[in-house]
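Hi,

Here is the structure I promised to pass on. Have a look at it first, and then read on for what turned up.

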Amino acid sequence: MRGRTVLVTGASAGLGAAFARIYASAGWNLILTARREAALAVLAAELTDAHGVTVTVLVEDLADPQAPSRLVEAIAARGLTVDGLVNNAGFSRTTGFLQTDPAQHAAMLQVMLSAPVALSRLLLPGMVERGFGRILNVASLAGQMPATGGDTLYGPIKSFLIKASQGLWLETRGTGVHVTALCPGYTLTEFHDVNGSRDQVSSAYPAWMWQTADHVARVGYDACEADRPRVTPGAMNTVLATLGKLLPDSVALNIVAGHARRLKRI
Ligand SMILES: NC(=O)c1ccc[n+]([C@@H]2O[C@H](COP(=O)([O-])OP(=O)(O)OC[C@H]3O[C@@H](n4cnc5c(N)ncnc54)[C@H](OP(=O)(O)O)[C@@H]3O)[C@@H](O)[C@H]2O)c1
């Protein structure tokens, strides 16, 4: 893949940084974006030293509806062509629907739903035209469950991303563009520190249920290269996703209610 360029959102930490390392090790040049410039700069220097790839840092807040078009304009102004897009930036709020500031609801929808749609719509035409492209959307196991109590919008946002990825996968078949939704379960990143639930999730769920960011990102990268529309890393997560699909909603809702109570989210 030497000479190809991938845009990774949310590259300043966790899964985004892990994706950046995997793409760089495969010879891709990178465009890294997030809000924390210093973390992006450190990662960019690491990847250039380790793999001799070109790394461009573009700081953006994807909660701003104008951010996707600003990003694409900044990329074009540098004469870069985007062959791969990893829609990874994300966060959650576990305080319950009514206790969460409406501005935070809007930011969640913008960062994890509208920005991936906008970036895909802006970058996909070039990929189709050139006969090569990769879109990797980081969804969640939560998107395969009937609900995420206390974190009301998170599951539906991730369900949307799974369905939209599958639709795009269908529409781009035979064009050289691969589209994949990655559905991680519990992954060791900053995610649960940011949403303030680290203590609850660590005491509720044993270490064996957690996967490393490197492993999860590798599963996503390989699935996208293999043109799989959806992948759920880990046998336990695959079982849970299958149960979420097969069980009647009333039973599945009871199971997720137990999960939400254990985490003191409802
Ligand atoms: N960790 C898990 O257990 C888990 C499980 C399933 C799915 N996921 C999904 O995996 C993806 C990555 O999360 P992670 O686990 O790696 O979490 P993380 O370590 O907290 O990283 C989140 C990334 O998103 C970026 N981000 C957040 N808000 C942003 C904004 N407004 N504008 C631009 N960038 C923003 C952050 O960068 P800045 O703060 O620098 O902006 C950071 O780089 C998310 O979509 C998450 O929903 C995580």
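A cut-off to start with: a residue counts as buried when its relative accessible area is under 20%, as exposed when it is over 50%, and as partly exposed in between. Please also keep in mind that this is a predicted model.

With that cut-off in hand, take helix H1 (14–25). Nine of its twelve residues are buried, so H1 is largely enclosed by the rest of the structure. The buried ones are Leu15, Gly16, Ala17, Ala18, Phe19, Ala20, Ile22, Tyr23 and Ala24. From its first C-alpha to its last, H1 reaches 17 Å, close to the 16 Å expected at 1.5 Å a residue. Just after the helix comes Gly27, with a positive phi of about 95°.

Now for what H1 packs into. The largest nonpolar core has 33 residues, and Val8, Phe19, Tyr23, Leu30, Leu32, Leu47 and Val86 are the ones with the most contacts inside it. At least two residues of this core come from each of strand E1 (5–9), H1, strand E2 (29–34), helix H2 (37–51), strand E5 (133–138) and helix H8 (213–225). H1 gives the largest share, eight residues.

If you want one residue to click on there, try Leu32. Leaving aside neighbours within four places in sequence, Leu32 is in contact with Val8, Ala11, Ala20, Leu40, Leu43, Ala44, Leu47, Val55, Thr56, Val57 and Leu58. Apart from this core lies another, of 30 residues, which include Met108, Leu113, Leu119 and Leu124.

Next, the empty space. Rolling a probe the size of a water molecule over the atoms shows where such space is left. How many cavities of 30 Å³ or more does the count come to? The count comes to two.

The largest cavity holds about 50 Å³ of space. It has 13 lining residues, and Asn87, Asn88, Ala89, Val111 and Pro116 are the closest to its centre. Helix H4 (102–130) and helix H5 (154–171) each supply at least two residues of that lining, with the largest share, five residues, coming from H4. By type, the lining of the largest cavity divides into nine nonpolar residues, three polar and one charged.

The second largest cavity holds about 40 Å³. Its lining is made up of Arg93, Gly96, Phe97, Thr100, His105, Met108, Asp151, Thr152, Leu153 and Tyr154. Here the split is four nonpolar, four polar and two charged. You may recognise Met108, which is also among the residues of the 30-residue core.

There are pockets to look at too. The second largest pocket has a volume of about 230 Å³. Of the 13 residues lining this pocket, Gly143, Gln144, Lys163, Arg230 and Lys245 lie nearest its centre. H5 turns up again, since the elements giving two or more residues to the pocket lining are H5 and helix H9 (235–246). The largest share of the pocket lining, four residues, comes from H5. The residues of this lining divide into four nonpolar, five polar and four charged.

Finally, a few single residues that may be worth a look.

Gly185 sits in the loop between strand E6 (177–182) and strand E7 (187–188). Is Gly185 buried or exposed? Its relative accessibility is 15%, so Gly185 counts as buried. Leaving aside neighbours within four places in sequence, Gly185 is in contact with Leu141 and Asn237. The C-alpha atoms of Gly185 and Ala142 are separated by 7.6 Å, although the two are 43 residues apart along the chain.

Asp227 is in the loop between H8 and strand E9 (230–231). Phi of Asp227 is near 65°, a positive value in a residue other than glycine. With 25% relative accessibility, Asp227 counts as partly exposed.

Lys264 lies in the segment after helix H10 (249–262). Phi of Lys264 is also positive, near 55°, and this residue is again something other than glycine. Lys264 is exposed, with a relative accessible area of 69%.

That's the tour. Shout if anything is unclear.

Cheers

Technical notes. Residues numbered from 1 in each chain as written. Predicted model: local features only at pLDDT ≥ 70, side-chain atom pairs only at ≥ 80, totals over all residues. Heavy atoms only, no water. Core = buried A, V, L, I, M, F, W, Y, C linked by side-chain atoms within 4.5 Å. Buried < 20%, exposed > 50% of the residue type's maximum accessible area, 1.4 Å probe, protein only. Contact = heavy atoms within 4.5 Å. 1 Å grid on protein atoms, 1.4 Å probe; cavity = no way out; pocket = protein on both sides within 12 Å on 5 of 7 lines; lining within 4 Å. Points joined across faces, edges and corners; volume = space filled by probe spheres on them. Nonpolar A, V, L, I, M, F, W, Y, C, P; charged D, E, K, R; others polar. Expected span 1.5 Å × (residues − 1).
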